[in-house]
Amino acid sequence: MRVQLTINGASREADVEPRLLLVHLIRENLLLTGTHIGCDTTSCGACTVLLDGRPVKSCTVFAVQASGRTVSTVEGLEQNGVLHAVQEGFTKEHGLQCGFCTPGMMMTSVALLERNAAPTELQIRQAISGNLCRCTGYVNIVKAIQHASATMREAKAEKEPATAGRA
Amino acid sequence: MIPAAFEYEAPTELAEAIDRLARSGGEAKVLAGGQSLIPLMKFRLAQPARIIDLNRISGLAYVRENGDLRIGALTRESDLEESAVIRDRYAIVADTAAVIADPIVRNLATVGGNVAHADPANDHPATLLALRASVVARGPRGERVIPIDDFFVDTFTTSLAPDEIVTEIRIPRAQAQSGGAYIKLERKVGDFAIVGVAAHLQLDGKGSVATAGIGLTNVGPTAIRARHAEEALRGRAPDDRAIAAAAEAAAAESQPVADLRGPAEYKRDVVRVLTTRALRRAVARAKGGK
Ligand SMILES: Cc1cc2nc3c(=O)[nH]c(=O)nc-3n(C[C@H](O)[C@H](O)[C@H](O)COP(=O)(O)OP(=O)(O)OC[C@H]3O[C@@H](n4cnc5c(N)ncnc54)[C@H](O)[C@@H]3O)c2cc1C
Ligand code: FES
Ligand code: FES
């Protein structure tokens with residue numbers, strides 16, 4: 001079957017079997033290997049990508065289901081050589097050790113901060129509860145997301161000084 | 001893990017989906033959130049020849065309160081969690097959605113899939129039993145409204161005909177002086193329940209229990225309604241003694257089996273403890289608390 005999707009802003013097409021999982025389309029057909037496969041049983045979140053802006057486990061979605069829709073992966077975060085605030089946060093706060101869970105963790109974080117610019121620590125911990133870190137670096141992952149939240153809000157305040165002044 | 005090959009269709013109309021399901025001669029499965037079906041297919045515990053994807057059909061995801069509460073079958077758990085009506089007026093449903101799997105799974109998992117799947121470990125069934133809900137199904141012969149007590153037949157088995165699709169869940173409108181709660185014990189986030197208990201109460205003018213609904217998760221071949229526990233409350237003031245009696249009854253009528261989540265006797269005691277807690281919270285909510 002023909003699938004056409006927008007991935008990280010680019011339109012891509014592929015001819016696939018219906019049983020092909022989205023994660024395999026992303027890694028093997030589109031050669032975007034930043035999205036990882038950990039458990040392959042919908043538990044670990046290493047394969048998390050955004051489907052129309054919402055985090056999903058791409059090992060548990062068929063590629064054909066994504067046809068006509070928008071997918072974002074970790075490769076799309078950096079823009080024009082500038083890291084996304086979430087990537088910056090993970091760097092500054094030492095939010096990764098082996099890095100295996102990191103792409104999924106970051107995609108979940110990006111979606112969280114889009115919906116809630118200033119999450120509490122509890123909200124952050126709840127949001128990432130479907131992403132497992134085998135290195136158990138959760139303390140720094142939370143700090144990384146808090147760092148990103150702060151820099152994103154600062155950047156926004158600079159862009160909209162009038163509203164920021166009132167708030 | 002790669003599922004066995006299948007043919008895939010994604011109709012855009014419900015009538016078309018029913019027609020295709022009816023013509024498939026039992027070889028097809030409908031796909032909603034896929035969060036139970038796709039894992040089963042990857043393990044090859046399910047090998048449907050045809051998949052009918054419901055996700056391109058519009059108008060099946062909604063939460064509406066007009067008369068009763070109506071939840072479209074394709075409503076995602078995350079949408080239930082975020083719905084103001086659910087949060088403010090049907091807290092027991094919000095409690096339930098929030099403890100299903102993890103937040104990423106909840107972005108896809110649907111309420112229709114949760115009941116149609118009929119895993120005794122699924123969380124919505126107990127809550128819907130406590131609430132006296134009904135399941136609306138559509139098939140080639142038209143629409144049926146199935147009382148929840150007649151819906152769950154056995155593990156992974158419902159009273160749906162093979163060519164019927166769940167379209168809606170209906171819950172009686174929330175009344176004044178009513179309230180409910182769902183409490184689940186799990187080993188870790190994202191795991192199925194060791195035990196889950198749903199309790200819903202309606203109080204009368206004197207503060208006694210007019211109606212009680214109690215549903216139990218993962219302590220039987222299906223989610224079960226704890227009828228003796230409900231009887232222990234009816235007509236009585238929901239004080240500590242009545243709640244203790246109901247909790248004992250619920251533990252007695254639960255049917256746990258030993259597994260990796262613990263021995264049967266342990267689970268029975270968890271039923272007792274969680275029934276107590278769920279009833280206390282239900283009473284507080286019926287009296288206007290959170
Ligand atoms: C890691 C993990 C943890 C989980 N933990 C929990 C948990 O704690 N509690 C819990 O309740 N669930 C849990 N689940 C299950 C999850 O919530 C399921 O996704 C959900 O129960 C099924 O909904 P779905 O929309 O994904 O259904 P699908 O997977 O799409 O379908 C499930 C079954 O129902 C049928 N079906 C689906 N929709 C309809 C319909 N409208 N009409 C007729 N038949 C239909 C399908 O044909 C299939 O047989 C977990 C899943 C995972 C992967
Ligand atoms: S690889 Fe998809 S959840 Fe682990
Ligand atoms: S950094 Fe190693 S798994 Fe998270």
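Trainee: How many salt bridges does a search of the whole structure find over all chains?

Mentor: This is a predicted model: local features need pLDDT of at least 70, side-chain atom pairs count only at pLDDT 80 or more, and totals for chains, interfaces and linings use all residues. Residues are numbered from 1 along each chain as its sequence is written, chains are lettered from A and ligands numbered from 1 in the order written, and side-chain values use heavy atoms, leaving out hydrogens and water. A salt bridge is a side-chain nitrogen of Lys or Arg within 4 Å of a carboxyl oxygen of Asp or Glu. Over all chains, the search gives 35.

Trainee: Which residue meets A:Lys92 in a salt bridge?

Mentor: Start with the helix: H2 of chain A covers residues 85–92, where helices are DSSP runs of H or I with at least four residues, strands are E runs with at least two, and numbering starts at the N terminus. The partner sits 4 residues from A:Lys92 in that helix, so about one helical turn separates them. The N to O distance is 2.9 Å, and the partner is A:Glu88.

Trainee: Is A:Lys92 buried or exposed?

Mentor: The scale is relative accessible area: buried means under 20%, exposed over 50%, and partly exposed in between, with a 1.4 Å probe and protein chains only. Its partner A:Glu88 is partly exposed at 28%. A:Lys92 has 54%, so A:Lys92 is exposed.

Trainee: How far apart are the closest N and O atoms of A:Glu121 and A:Arg125?

Mentor: Both residues lie in helix H4 (residues 121–127) of chain A, 4 residues apart, about one turn. A:Glu121 is partly exposed at 41%, and A:Arg125 is partly exposed at 35%. They form a salt bridge, and its closest N and O atoms are apart by 2.9 Å.

Trainee: Which residue pairs with B:Arg138 in a salt bridge of 3.2 Å?

Mentor: Side chains of opposite charge can pair when their charged atoms come close. B:Arg138 is partly exposed, with a relative accessible area of 32%. Its partner, at 43%, is partly exposed too. The salt bridge joins B:Arg138 to B:Glu143.

Trainee: Which residues do salt bridges that share partners join into one network?

Mentor: The pair B:Arg138 and B:Glu143 belongs to it. Shared partners link the complete set: B:Asp68, B:Arg70, B:Arg138, B:Glu143, B:Glu168 and B:Arg170.

Trainee: Now the ligand. Between which chains does ligand 1 lie, and which residues come nearest?

Mentor: Ligand 1 lies between chains A and B. A residue counts as near if one of its heavy atoms lies within 4 Å. Of the 29 residues around ligand 1, those nearest are B:Val30, B:Leu37, B:Thr110, B:Asp123 and B:Lys184.

Trainee: Which element gives the most to the shell around ligand 1?

Mentor: In chain B, strand S2 (28–31), helix H7 (111–117) and strand S10 (165–171) each supply at least two shell residues. The top contributor gives 4 residues: H7(B).

Trainee: How many charged residues does the shell around ligand 1 have?

Mentor: Ala, Val, Leu, Ile, Met, Phe, Trp, Tyr, Cys and Pro count as nonpolar, Asp, Glu, Lys and Arg as charged, and the others, Gly among them, as polar. The shell has 14 nonpolar and 11 polar residues. Its charged residues number 4.

Trainee: How far is an oxygen atom of ligand 1 from an N or O atom in the side chain of B:Asn122?

Mentor: Another such distance is 3.2 Å, from a ligand oxygen to an N or O atom in the side chain of B:Lys29. A polar backbone atom of B:Ala101 is also 3.2 Å from a ligand oxygen. For B:Asn122, the distance is 3.0 Å.

Trainee: What share of the area that ligand 1 exposes when taken alone does the protein bury?

Mentor: Accessible areas come from the Shrake-Rupley method with a 1.4 Å probe; for residues, only the protein chains shown count as cover. Alone, ligand 1 exposes 950 Å². The protein buries 94%.

Trainee: Where is A:Leu31, which has a positive phi although it is not a glycine?

Mentor: The phi of A:Leu31 is about 55 degrees. A:Leu31 is exposed, at 64% relative accessible area. Its place is the loop between helix H1 (22–29) and strand S3 (48–51) of chain A.

How values were computed
Polar contact = N/O pair within 3.5 Å; in protein donor to acceptor, adjacent residues only side chain to side chain.
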